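Biologist: I have a chain on my screen and would love to talk through its charged side chains. Could you take my questions one by one?

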Amino acid sequence: MSSMTALKLFRNQLIRNVWRFRSTGQSSYKLRQSIVPLSSSVPIRNFAANPNVDDSVNDQNPTAEKLEFQAETRMLLDIVAKSLYSEKEVFIRELISNASDALEKLRYVSLKAGESHDLGSLDINITTDKTNRKLIIQDTGIGMTREELISNLGTIAKSGSKAFLQNIQQSESTNLSSIIGQFGVGFYSCFMVADRVEVFTKSVNPHATGYLWKSDGTNEYEIIESDNIERGTKIVMYLKQDCREYASEDTVRSVINKYSNFVNSPIKLNGSEINTIQPLWLLNPKSVSKEQHDEFYKFVANTYDRPRFVLHYSAEAPIQVRALLYFPELAPGQTDFYDSSTKGVSLYTRRILVKKEAENVLPKWLRFVKGVIDSEDIPLNLSREMLQNSSLLRKLNQLLTSKIVKFLHDKSVKDLDEYMKFYQDYGVFIKEGVVTNDDPKEREELAGLLRYESSYTKPGETTSFEDYIKRKQEGQNDIYYLSAPNRALAESSPYIEALKKKNVEVIYCYEQHDEIILYQVKTFKNVKLTLVEKEINTANNQSSQTVELGTDSLSQLQLDSLLPWIETVLGNKVKKVKITGQLESHPCVITVDDMTAARHFIKTQLKQMDEEMLFSILQPQLELNPKHAVIKKLLTLKESNPELAKLIVEQLYSNSMVTAGLINDSRKLVSNMNRVLELVVEKY
């Protein structure tokens, strides 16, 4: 019988694919390059300097040549235009990303060649033309030759892609996620919004010729030699009627702010630079001021409070990652407890937004954390909309979670007051993490963050399991804990009498879920966590029939008469009635084999069964204190006043069930108690 059905964390199985440009030398500098790169492309004529120049080229140009798209490219164009992306606006992100890659590649090639001459303005210029329904995106990067135009924009330059697409056709597969990671399609996304696309480009290579590539995205494209084109790539999109919104400056600005605000090159929209916010996660943590963190937190979290903790972290192995994580100052709202989605962090790759509200990058219990995670190692799918490489994602999840837990542990050691303020607000999320974590090692690390009152601490003060272990008695092999609604009831519980006598510390759990949480933890630093009810049951079983009977207790002969009679009175409500040496001031207790599971069972299953079935499942034992006055009086009452004696037995049993937490509704005890009082007052 399970004590709790643990929450299962969903693992996102979608992968993104990243293509990287690698140098042939010894440099480890890496750049992502899409298969259809405008990443290896670079703008031509400086359109931003002269936006009124007519971009059209005479179709009668003798250098023009018409080429057909590769068959699989036509199929891919159709998929991209109709089915792949859930939001059309991402085409702007794709083209800006390609333009940024082209600029980065130019910087790299120039450095590698040892060229010291001025590369000129390295930026991305975007121009909107609402009147003519045009959108132009231009970079001054590395540009493309004629061969690169054909390779990058006319074919899928990836071995096996053709056969792969043929397999899709033959199987009539409609699962588009199955083509994730096979080839890049960033450039083709512009055909979602454009009837016609023109690409002006000129390679950085010496004596390069400028070219115009144009297509309507159907069966063929045209390449034309063109003069007056400067280094780089410019994409001119003639927008569809229903996509004219992307010729609006406000719309384009909004999309850029959403996805591309932190690219490594200036983005100018109609002449004005718009990506002016610094990517703080890439800076030296010591160089970032509190004021900068406050402002950046408000930007990424879309909130008005301030962060109480800041975790600025970077690592190169086992996965390359830079993270800037914030712990909110405000206490969580009611909806935060029930919202199981992990929407607090934004995922970037090389400053480009992959997912604004990235799920599964952090475990669900950390959904209150806000901030930015940037990793070049995360593969992207075709649309960059869904993470798919589950092993990498798990690795990133584990790395960040471990770092956060260590950060909080260090905070609890170095600044306990601040940590306890955080714990009071967010401790329930840590407890959720303990329950939902399937890894015993990670669960134990989380358990180190838990705090509870104990019989050792003053009211209102808490302790950790680590501190408990430092104080435990010599020879003590367990961390003992007790579930009770409050401290007063905990300290008066019959179950801790024997432990208190031995001066053994007991953890107090006041919330109902705490018992389940510690039940789930099981051990901490090789020390067992033991429920005190289980301890008393174990002690009684080990000392069965060896309870010392002093002169102040019933004799064995008297007990041999009393115990069977009590079993007869209670009937199937008890499995057995016996004596215990673990009690001092209480007349009796109830024990079951697994008290935590029993209490959980009562809470969840009671309405579905009658009492007889319930008792047959629980099989409770009633354990009596043979020295207690009430128990000793029962021996004579069962002969002199059987009715009163039976009522007292019933009441003792009910009281013990309430103390054990095995009765949810104590109102049913009132009638029995009233009858006991009636018989008592008749004597006076």
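Biologist: How many salt bridges does the count come to?

Modeller: Happy to help, and please keep in mind that this is a predicted model. A pair is counted when a side-chain nitrogen of Lys or Arg is within 4 Å of a carboxyl oxygen of Asp or Glu. By this rule, the count comes to 32 salt bridges.

Biologist: Let's start with one of them. How many residues apart in sequence are the parts that Glu-65 and Arg-146 tie together?

Modeller: Glu-65 and Arg-146 form a salt bridge, with their closest N and O atoms 2.6 Å apart. Glu-65 sits in strand β3 (residues 65–68) and Arg-146 in helix α3 (residues 146–154), so the pair ties together parts whose separation in sequence is 81 residues.

Biologist: And is Arg-146 buried, partly exposed or exposed?

Modeller: Its partner Glu-65 has a relative accessible area of 25%, which makes Glu-65 partly exposed. Buried would need a value under 20%, and exposed one over 50%. Arg-146 has 24% relative accessibility, so Arg-146 counts as partly exposed.

Biologist: Now the pair of Lys-431 and Asp-514. Which helix holds Asp-514?

Modeller: Lys-431 and Asp-514 form a salt bridge in which the closest N and O atoms are 2.9 Å apart. This pair links distant parts of the chain, 83 residues apart: Lys-431 is in helix α9 (residues 416–436), and Asp-514 is in helix α14 (residues 512–521).

Biologist: What is the relative accessible area of Asp-514?

Modeller: Lys-431 is buried, with a relative accessible area of 11%. Asp-514 is buried too, and the value for Asp-514 is 2%.

Biologist: Which helix do Asp-467 and Lys-470 both lie in?

Modeller: The side chains of Asp-467 and Lys-470 meet in a salt bridge, at 3.9 Å from N to O. They are three residues apart, about one turn of the helix, and both lie in residues 465–471, helix α11.

Biologist: Does that leave Lys-470 buried or exposed?

Modeller: Asp-467 is partly exposed, with a relative accessible area of 31%. Lys-470 has 65% relative accessibility, and the cut-off for exposed is over 50%. Lys-470 therefore counts as exposed.

Biologist: Which residues do salt bridges that share partners join into one network?

Modeller: Shared partners are what link separate salt bridges here. The one network they make joins Glu-65, Arg-146 and Glu-147.

Biologist: Let's move to the surface. Which residues gather in a patch of negative charge?

Modeller: One member is Glu-220, which lies in strand β8 (residues 220–225). Glu-220 is partly exposed, with a relative accessible area of 38%. The residues gathered in this surface patch are Glu-68, Asp-195, Asp-216, Glu-220, Asp-242 and Glu-245.

Biologist: How far apart in space are Glu-453 and Tyr-508, C-alpha to C-alpha?

Modeller: Glu-453 is in strand β17 (residues 453–454) and is buried, with a relative accessible area of 15%. Beyond its neighbours within four places in sequence, Glu-453 has contacts including Arg-487, Ile-507 and Tyr-508. Glu-453 and Tyr-508 are 55 residues apart in sequence, yet in space their C-alpha atoms are separated by 5.5 Å.

Biologist: One last residue. Which residues does Asp-294 touch, not counting those up to four places away in sequence?

Modeller: Asp-294 is found in helix α6 (residues 290–301). At 9% relative accessibility, Asp-294 counts as buried. With residues up to four places away in sequence set aside, Asp-294 touches Arg-306 and Pro-307.

Notes:
Residues are numbered from 1 along each chain as its sequence is written. This is a predicted model: local features need pLDDT of at least 70, side-chain atom pairs count only at pLDDT 80 or more; totals for chains, interfaces and linings use all residues. Side-chain values use heavy atoms; hydrogens and water are left out. Patches are made of residues with over 30% relative accessible area and no salt bridge: like charges are joined within 9 Å, nonpolar side chains (Val, Leu, Ile, Met, Phe, Trp, Tyr) within 5 Å. Accessible areas come from the Shrake-Rupley method with a 1.4 Å probe; for residues, only the protein chains shown count as cover. Lys and Arg count as positive and Asp and Glu as negative; His and the chain ends are not counted. The place of a charge is taken as NZ of Lys, CZ of Arg, CG of Asp or CD of Glu. Helices (H or I, at least four residues) and strands (E, at least two) are DSSP runs, numbered from the N terminus. Buried means under 20% relative accessible area, exposed over 50%, partly exposed in between (1.4 Å probe, protein chains only). Contact means heavy atoms within 4.5 Å.
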